[in-house]
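Colleague: I'd like a close look at one part of this structure, please, and then at how its surroundings fit together. Keep it relaxed, since I'm still new to this.

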Amino acid sequence: MTVLITLFSAAVSIYVYYIPGEHQRYIQPLEKKVLWWLYWVGLGVLSSIGLGSGLHTFVLYLAPHIARVTLAAYECGSLNFPEPPYPEDVTCPETKDIAAGAVTLWSIISKVRIESLMWGAGTALGELPPYFVARGARLSGEAPDDEDYKEFLALQTSNVPKEITLMDKLKLKVENLVKNTGFLAILLFASIPNPLFDFAGITCGHFLIPFWTFFGATLIGKALIKMHMQMFFVIFALSEHHAEHLIQQTAKVPRIGPFLQATLTEFLNSQKRKLHRNPGDPVNQDASLLQQIITYLTFGIVMFFLISIVNSFAQNYHKRVSDAKKKRK
C-alpha cells in the first residue's frame, strides 16, 4: 500500500509539473526554492561525512554566504535584496527599507535561517551511515569492514584500560553517556562541535537505540541549537563595527601587519562596491577566482570519493569471491 501511494503521488506530481496552465507561474518559483534548499542539504551531508578529507562546507560555503548577507545588510541599510540575483548573488536595492527600521542581528539571522537550517539538517542526515552500519552489524551478528566500528568493538573487549590512550578514554565516556542517558546525551553531543559524534552514532546503532531517538536528537542539536550558535558568531563577528575593528587589529601583526591590513581593507571596499552595482551587470571575474577554485576543488574531492566507493565495493567483492574459493578447496 505504501509503495502504491508513493508511486501514485509521484505520478500526479510529475503530471502537474509538466502540464501547461496558470499554475506554472507558482511551480517555477517553488522549484527554484526547493532546488536551493536541496543544495544546502547536500552541502550539509558532504560536510558531515567529510568525503574522507575533512571537508567542511560551513567554512567553504555557508559562512561566506552569511558573511555576504551581513555585509550587504549594513552597507545597504536593508535586507530586501532584489530577486534575482538574490540568493545566488547580493546587490543593494534602489531604496533603503527605512520603514523596517535599522538592520539588527536578529533580522539578519532571519534572512539566512532557511539556508542554515537546511545545511544543519544535511549534517544530521550525514550522521546516519555509522548508525545504520553498527545497527545492521548488531542485528546480523556479523562484523562489517568499517574501521570505526572495528575500533568500537576493540574498545568494548579491551581488558587493559590503563594502556588505552586519552582519545580512547573519551570515546568510552561518550559511549557510557549515550548508553545510559540516551536522548539527552545525543542532543548534548550534537549541539556542540564534537569530532567524536561518529562514535556516538556507532554506539546508538550497536545498542539498538531507536532510530527516531537518535535522529531526532541529532536533528534538533545540529539544525537548531548548534546552527544558531554558528550563525550568531559569524554575524556578530562580521557586523560593520566589529569587521572594521578586526581589520585595524591586524596592523599589530609583526612584519606583515600593515600589508595585511591594506589588503583586507581593499578587499572589504571592493565587496562593498560590488553591492551597489545594478542587477544584471557583469561581475568582476577576478573577485570570484577563489570561489571558482573552491568549487573545482570540491568537485574533484566528490569525484575522488565516488571512485573510492566503487573501488571499495570491488575490493570487498574480490575478498568474498576469494574466501568462497578457499572454503571450497
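Modeller: Let's start at leucine 208, which follows helix 9 and has a positive phi, near 55 degrees. Keep in mind that this is a predicted model, so treat every value here as computed from it.

Now step back into helix 9 itself, which covers residues 197-206. How many of its ten residues are buried? Nine of them are, so helix 9 is largely enclosed by the rest of the structure. The buried set begins with Phe197 and Phe199, then runs through Ala200, Gly201, Ile202, Thr203, Cys204, Gly205 and His206. To put that in context, 35% of the 329 residues of the chain count as buried.

What is around helix 9 in the fold? The chain has 13 helices and zero strands, and reading along the sequence you just get α over and over: α-α-α-α-α-α-α-α-α-α-α-α-α.

Further along comes helix 10, residues 211-237. Phenylalanine 214 sits in helix 10, and at 1% relative accessibility it counts as buried, because the cut-off for buried is under 20%. Phenylalanine 214 and glutamate 127 are 87 residues apart in sequence, yet their C-alpha atoms are 9.8 Å apart in space.

Glutamate 127 is worth following. The structure holds one salt bridge, and its partners are lysine 222 and glutamate 127, with the closest N and O atoms 3.7 Å apart. Lysine 222 belongs to helix 10, while glutamate 127 is in the loop between helix 4 and helix 5, so the pair ties together parts that are 95 residues apart in sequence. Are these two buried or exposed? Both lysine 222 and glutamate 127 are buried.

Next, look at how helix 4 meets helix 10. In general, two packed helices are described by the angle between their axes and the distance between the axes. Here the axes of helix 4 and helix 10 come within 8 Å and cross at roughly 140 degrees. That angle makes helix 4 oblique to helix 10, and the crossing is right-handed.

Helix 4 (residues 105-126) also includes isoleucine 114. At 40% relative accessibility, isoleucine 114 counts as partly exposed. It joins Leu30, Val34, Leu35, Trp37 and Leu38 in a nonpolar surface patch of about 530 Å². Which helix gives the most to the nonpolar patch? That would be helix 2, residues 24-49, with five residues.

Helix 2 has buried residues too. Tryptophan 40 lies in helix 2 and, at 2% relative accessibility, counts as buried. Tryptophan 40 and glycine 120 are 80 residues apart in sequence, with their C-alpha atoms 8.6 Å apart. Glycine 44 is in helix 2 as well, and it is buried with a relative accessible area of 0%. From glycine 44 to threonine 57 is 13 residues along the chain, and 6.8 Å separates their C-alpha atoms.

One tip for reading helices like these: an α-helix has 3.6 residues a turn, so residues three or four places apart point the same way. With that in mind, go back to helix 2 and compare two sets of residues: Leu30, Val34, Leu35, Trp37 and Leu38, which help make the surface patch, and the buried pair, tryptophan 40 and glycine 44.

Notes:
Residues are numbered from 1 along each chain as its sequence is written. This is a predicted model: local features need pLDDT of at least 70, side-chain atom pairs count only at pLDDT 80 or more; totals for chains, interfaces and linings use all residues. Side-chain values use heavy atoms; hydrogens and water are left out. Buried means under 20% relative accessible area, exposed over 50%, partly exposed in between (1.4 Å probe, protein chains only). Helices (H or I, at least four residues) and strands (E, at least two) are DSSP runs, numbered from the N terminus. Patches are made of residues with over 30% relative accessible area and no salt bridge: like charges are joined within 9 Å, nonpolar side chains (Val, Leu, Ile, Met, Phe, Trp, Tyr) within 5 Å. Accessible areas come from the Shrake-Rupley method with a 1.4 Å probe; for residues, only the protein chains shown count as cover. A salt bridge is a side-chain nitrogen of Lys or Arg within 4 Å of a carboxyl oxygen of Asp or Glu. Axes are lines fitted to C-alpha atoms, for helices over the stretch in contact, and angles run from 0 to 180 degrees between N-to-C directions. Angles under 35 degrees count as roughly parallel, over 145 as roughly antiparallel, 65 to 115 as roughly perpendicular and the rest as oblique. A crossing is left-handed if the near helix is turned anticlockwise from the far one by less than a right angle, and right-handed if clockwise.
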